Amino acid sequence: MILTYHKVSFIKNDKITVNVWNFIMQMYAIRKKIVVYLDDYDLNDNNQVVLRFDDGYKSVLKYAVPVLKFFGYPFEVFIVEDFFNRGEKGDKNFLDKKDLEKIIKSGGRLQYHTKSHPDLSIIEDEEILKTELICPEYIKQLDKNGFKFLAYPFWKYNSKSIEYVQKLYNGACSGNGFAENNKYSMDGIRVEANTKI
């Protein structure tokens with residue numbers, strides 16, 4: 001089971017923000033499972049859980065990471081290049097390089113979530129796909145153990161994008177009804193404000 005989060009905060013301002021107290025209860029609920037990195041994930045093992053955080057929101061570092069450290073859980077943070085660059089330029093909503101260094105020290109691994117977060121299912125142009133799917137070196141250098149997996153924005157992909165992803169990554173994450181549940185289309189549950197685990 002892959003649990004996909006976006007934001008964690010005390011203030012609920014949209015449906016992708018999980019309240020900190022709910023997050024703590026969710027982490028408590030999975031304590032009898034085996035929480036693993038994607039590198040170690042077995043799609044057929046119902047006892048395994050991967051904790052995935054998409055987009056690179058700063059609230060993950062502020063609110064989720066202390067809880068994850070308390071439980072000793074490994075986790076994955078999927079970075080969008082454009083959002084990361086916004087963080088580097090001072091946008092307080094997104095993680096910057098110093099934040100990502102703290103995440104790695106806290107047991108997180110960094111993975112890629114495309115350049116600009118497009119719907120890959122409607123892109124047929126190979127040059128655009130290359131631009132979106134190839135993780136640039138300056139991002140890859142942030143985590144020597146990371147960037148082996150991709151997460152499809154909006155969970156979606158087409159045959160061309162998945163074919164390209166297979167050349168670049170060890171696997172890829174989808175979910176919420178779009179996944180074929182194989183290594184390059186791993187299923188996942190989008191955790192929202194009211195999700196019960």
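# Salt bridges, strands and helices in a predicted model

The side chains of Asp-82 and Lys-115 come together in a salt bridge, with N and O 2.8 Å apart. This pair connects distant parts of the chain, 33 residues apart: Asp-82 belongs to helix H3 (residues 81–88), while Lys-115 sits in the loop between strand S7 (108–112) and helix H5 (126–133). Asp-82 is partly exposed, at a relative accessible area of 25%, and for Lys-115, also partly exposed, the value is 25%. The structure described here is a predicted model. The general idea behind such contacts is that side chains of opposite charge can pair when their charged atoms come close.

How many salt bridges does a search of the whole structure find? The search finds 12. One of them is formed by Asp-99 and Lys-58, whose closest N and O atoms are 2.5 Å apart. Asp-99 lies in helix H4 (residues 97–105) and Lys-58 in helix H2 (residues 58–71), so this salt bridge ties together parts that are 41 residues apart in sequence. Is Asp-99 buried or exposed? Asp-99 has a relative accessibility of 7%, and because buried means under 20%, Asp-99 counts as buried.

A further salt bridge brings together the side chains of Arg-86 and Asp-91, at 3.3 Å from N to O. Arg-86 has a relative accessibility of 40% and counts as partly exposed. Salt bridges can also share partners, and in this way Lys-15, Arg-190 and Glu-192 are joined into one network.

The account now turns from side-chain pairs to the strands. Strand S5 (residues 48–55) offers a useful starting point, as it pairs with strand S1, with strand S4 and with strand S6. S5 is mostly covered, since eight of its eight residues are buried.

Strand S1 (residues 2–5) runs parallel to S5, and four bridges join the two. Within this pairing, Thr-4 stands opposite Arg-52 of S5, and Tyr-5 has Phe-53 of S5 as its bridge partner. The side chains of S1 point in two directions: Ile-2 and Thr-4 point one way, Leu-3 and Tyr-5 point the other way, and all are buried. S1 also runs parallel to strand S10 (189–190), to which two bridges join it. There, Leu-3 stands opposite Ile-189.

Strand S4 (residues 34–35) is likewise parallel to S5, with two bridges between them. The bridge partner of Val-35 in S5 is Val-49.

The path can next be followed from S5 to strand S6 (residues 75–79). These two strands pair in the parallel sense over four bridges, and Phe-53 stands opposite Val-77 in S6. Which elements make a right-handed β-α-β unit? The unit consists of S5, H2 and S6. H2 is also the helix that contains Lys-58, the salt-bridge partner of Asp-99.

From S6, the pairing continues to S7. Five bridges join S6 to S7, and the two strands run parallel. One position in this pairing is Phe-78, which stands opposite Gln-111 in S7. Five of the five residues of S7 are buried, so S7 is largely enclosed by the rest of the structure. In S7, Gly-108, Leu-110 and Tyr-112 point one way, whereas Arg-109 and Gln-111 point the other way, and all are buried. The loop between S7 and H5 holds Lys-115, the residue that pairs with Asp-82 in the salt bridge introduced at the start.

Helices may also be described by how they pack against one another. Helix H1 (residues 20–29) packs with H2 at an angle of about 25°, and their axes are 10 Å apart. That angle makes H1 roughly parallel to H2, because angles under 35 degrees count as roughly parallel. The crossing of these two helices is right-handed.

A final stop is Thr-195, which lies in the segment after strand S10. Thr-195 is partly exposed, with 21% relative accessible area. How far apart are Thr-195 and Val-18 in sequence and in space, and what are the two values? They are 177 residues apart in sequence and 8.6 Å apart in space, from C-alpha to C-alpha.

Key:
Residues numbered from 1 in each chain as written. Predicted model: local features only at pLDDT ≥ 70, side-chain atom pairs only at ≥ 80, totals over all residues. Heavy atoms only, no water. Salt bridge = Lys/Arg side-chain N within 4 Å of Asp/Glu carboxyl O. Buried < 20%, exposed > 50% of the residue type's maximum accessible area, 1.4 Å probe, protein only. Pairing = 2+ DSSP bridges. Right-handed = clockwise from strand over helix to strand, strands pointing away. Axes fitted to C-alpha atoms, helices over the stretch in contact; angles between N-to-C directions. Parallel < 35°, antiparallel > 145°, perpendicular 65-115°, else oblique. Left-handed = near helix turned anticlockwise from the far one by under 90°.
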